[in-house]
Amino acid sequence: MDSSELRRDLVSGDWIAIAIGRAKRPHAFSRVHHHDSAYTKRAGCPFEKPQSSGNAPATLVLDYAGRTLSGTRADREWFTQVIPNRYPAFMPGEPKKHAVGPFETMDGAGFHELVVSRDHHRHWAQYTQSEAATVFRVYRDRYRTLSGERIVQYVAIFHNFGREAGASLYHPHSQIIAIPVIPPDVQRSFAGSARYFRRHHRCVHCALLEWERRKQGRIIAENRAFVAMCPFVSRSAFEIRIFPKRHEPCFGNITDREVQEAGDILRRVLGRLRNRLGNPPYNFFIHSAPCGRVALYPHYHWHLEILPKISVWAGFEIATGIEISTIAPEYAAAFLRSRSKASRRGERM
Ligand SMILES: [Zn+2]
Ligand SMILES: [Zn+2]
């Protein structure tokens, strides 16, 4: 049968479908994504000089070499800075619970920060190796700090690129939102990895990683500490996951060397997306066991997921939660591994 294949995720238990009969060739996804000039223009951008544009003072400022800065040097020499979001979804306070009729509500207490890098037009795929490491180190250090806050149950780190991926501002920035509850999706992943662990006495992600590295077909890139792949059960075309080779439940526990390697593989893989698929919008995010409660989640394995925004959810997806992908991850990975003529000329990997 070659109409489609249903695949079930080992961790979440979700099904996805790969429409083999309707499969597109990888090149069908490769078009130049247009980010219009009204969106990308630098004039009027509030992150050129964040404090002059009414943002609060930075919580943390680093220069291009990754050194911490303060005072007037911070204004002049900054490469990346952490600022509280001017329009926060969650604000410091007490997460008090209330009853509203049959419902339970809670005050939206937490933290909402932005990690802004300086150059308006230089995005993740274009960072140098050391800039990528600096931004990734900021993620880790803020993760450590915020997960130590009494009211925080979960720290979400994510990055939106392009208007279609929800980035209202074009200027490169990532977001960190620390909340007083564990999100249901993440909770389900914890339950799934615990179930696998009880049955097989090992981490589901370590098992997957071993299988994928033996098979090789879905792997896009690898360095000393990380592997990037298009997962066997991809929810969308060209979905990518980056796994650390070392089993570690909590993102906040990664070493300085791993920070370097993580930044490097992320920028390279995003570079592949940019070059091969014509600069598509995307979201990436980190999934991690909550810090401080690693003892509860020894079976979990933190990782990073990248979801390019190149297909839309239509009726079937919305009605069933089963996404139909029109490219098999095996072909997507092979396409991302290969180089276009343009990238062979200009890109050093
Ligand atoms: Zn800007
Ligand atoms: Zn593991």
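**Entry 1. Glu212**

I looked up Glu212 in this predicted model and found it buried, with a relative accessible area of 1%. The cut-off for that label is under 20% relative accessible area, so Glu212 qualifies as buried. I place Glu212 in helix 5, which covers residues 204-215. I then listed its contacts, leaving aside neighbours within four places in sequence: Arg218, Ile219, Met229 and Phe232.

**Entry 2. Helix 5 and the sheet beneath**

I next asked which strands helix 5 lies across. They are strand 10, strand 11 (226-229), strand 12 (240-244) and strand 14 (303-308). Against strand 11, I recorded that helix 5 runs at about 70°. Helix 8 (residues 329-337) also packs on the sheet, where it touches strand 10 and strand 12. The direction of helix 8 makes about 45° with that of strand 10.

**Entry 3. The sheet of 10 strands**

I traced the strand order of this open sheet as 3-4-7-9-8-13-14-12-11-10, with antiparallel pairing. I noted strand 3 (60-63) and strand 10 (219-222) as the edge strands, each pairing on one side only. From one strand to the next, the twist averages 15°.

I followed two pairings within the sheet. Strand 7 (residues 111-117) pairs with strand 9 (residues 173-179) in the antiparallel sense over six bridges. Here I found Val115 with Ser174 of strand 9 as its bridge partner. Strand 10 and strand 11 run antiparallel and are joined by three bridges. In that pair, Glu222 stands opposite Val227 of strand 11. I also noted that strand 10 and strand 11 form a hairpin, with three residues between them.

**Entry 4. The sheet of three strands**

I found a further open sheet of three strands, in the order 1-2-15 and with mixed pairing. Strand 1 (5-8) and strand 15 (323-325) stand at its edges with a single partner strand each, so one side of each has no neighbour in the sheet. The twist here averages 30° from one strand to the next. Strand 1 and strand 2 (residues 15-18) run antiparallel, joined by four bridges. Arg8 stands opposite Trp15, a residue of strand 2.

**Entry 5. Helix 3 against helix 6**

I asked at what angle the axes of helix 3 and helix 6 cross. For helix 3 (residues 129-147) and helix 6 (residues 256-277), the crossing is at roughly 120°, and the axes come within 8 Å. That angle makes helix 3 oblique to helix 6. The crossing of helix 3 past helix 6 is right-handed.

I listed the residues that make the contact. Helix 3 contributes Gln129, Ala132, Ala133, Phe136, Arg137 and Arg140. Helix 6 contributes Asp256, Val259, Gln260, Ala262, Gly263, Asp264, Leu266 and Arg267. I sorted this contact by class into six nonpolar, three polar and five charged residues.

**Entry 6. Helix 6 against helix 8**

I then turned to helix 6 and helix 8, whose axes come within 9 Å and cross at roughly 90°. An angle of 65 to 115 degrees counts as roughly perpendicular, so helix 6 and helix 8 are described in that way. The contact is made by Arg272, Leu273, Arg276 and Leu277 of helix 6 with Phe335, Leu336 and Arg337 of helix 8. By class, I recorded four nonpolar, no polar and three charged residues for this contact of helix 6 with helix 8.

**Entry 7. Tyr331**

I asked whether Tyr331 is buried or exposed. Tyr331 counts as exposed, at 57% relative accessibility; the cut-off for that label is over 50%. I place Tyr331 in helix 8. Between the C-alpha atoms of Tyr331 and Ala237, the separation is 10.0 Å, and the two residues are 94 residues apart along the chain.

**Entry 8. Cys45**

I looked up Cys45 last and found it in the loop between helix 1 (37-40) and strand 3. Cys45 is buried, with a relative accessible area of 11%. Which residues does Cys45 touch, not counting residues up to four places away in sequence? I recorded Ser53, His120 and His171. I also took the C-alpha to C-alpha distance from Cys45 to Val259, which is 29 Å across 214 residues in sequence. Val259 is one of the helix 6 residues in the contact with helix 3.

Technical notes. Residues are numbered from 1 along each chain as its sequence is written. Chains are lettered from A and ligands numbered from 1 in the order in which they are written. This is a predicted model: local features need pLDDT of at least 70, side-chain atom pairs count only at pLDDT 80 or more; totals for chains, interfaces and linings use all residues. Side-chain values use heavy atoms; hydrogens and water are left out. Axes are lines fitted to C-alpha atoms, for helices over the stretch in contact, and angles run from 0 to 180 degrees between N-to-C directions. Angles under 35 degrees count as roughly parallel, over 145 as roughly antiparallel, 65 to 115 as roughly perpendicular and the rest as oblique. A crossing is left-handed if the near helix is turned anticlockwise from the far one by less than a right angle, and right-handed if clockwise. Contact means heavy atoms within 4.5 Å. Ala, Val, Leu, Ile, Met, Phe, Trp, Tyr, Cys and Pro count as nonpolar, Asp, Glu, Lys and Arg as charged, and the others, Gly among them, as polar. Buried means under 20% relative accessible area, exposed over 50%, partly exposed in between (1.4 Å probe, protein chains only). Two strands pair if DSSP finds at least two bridges between them.
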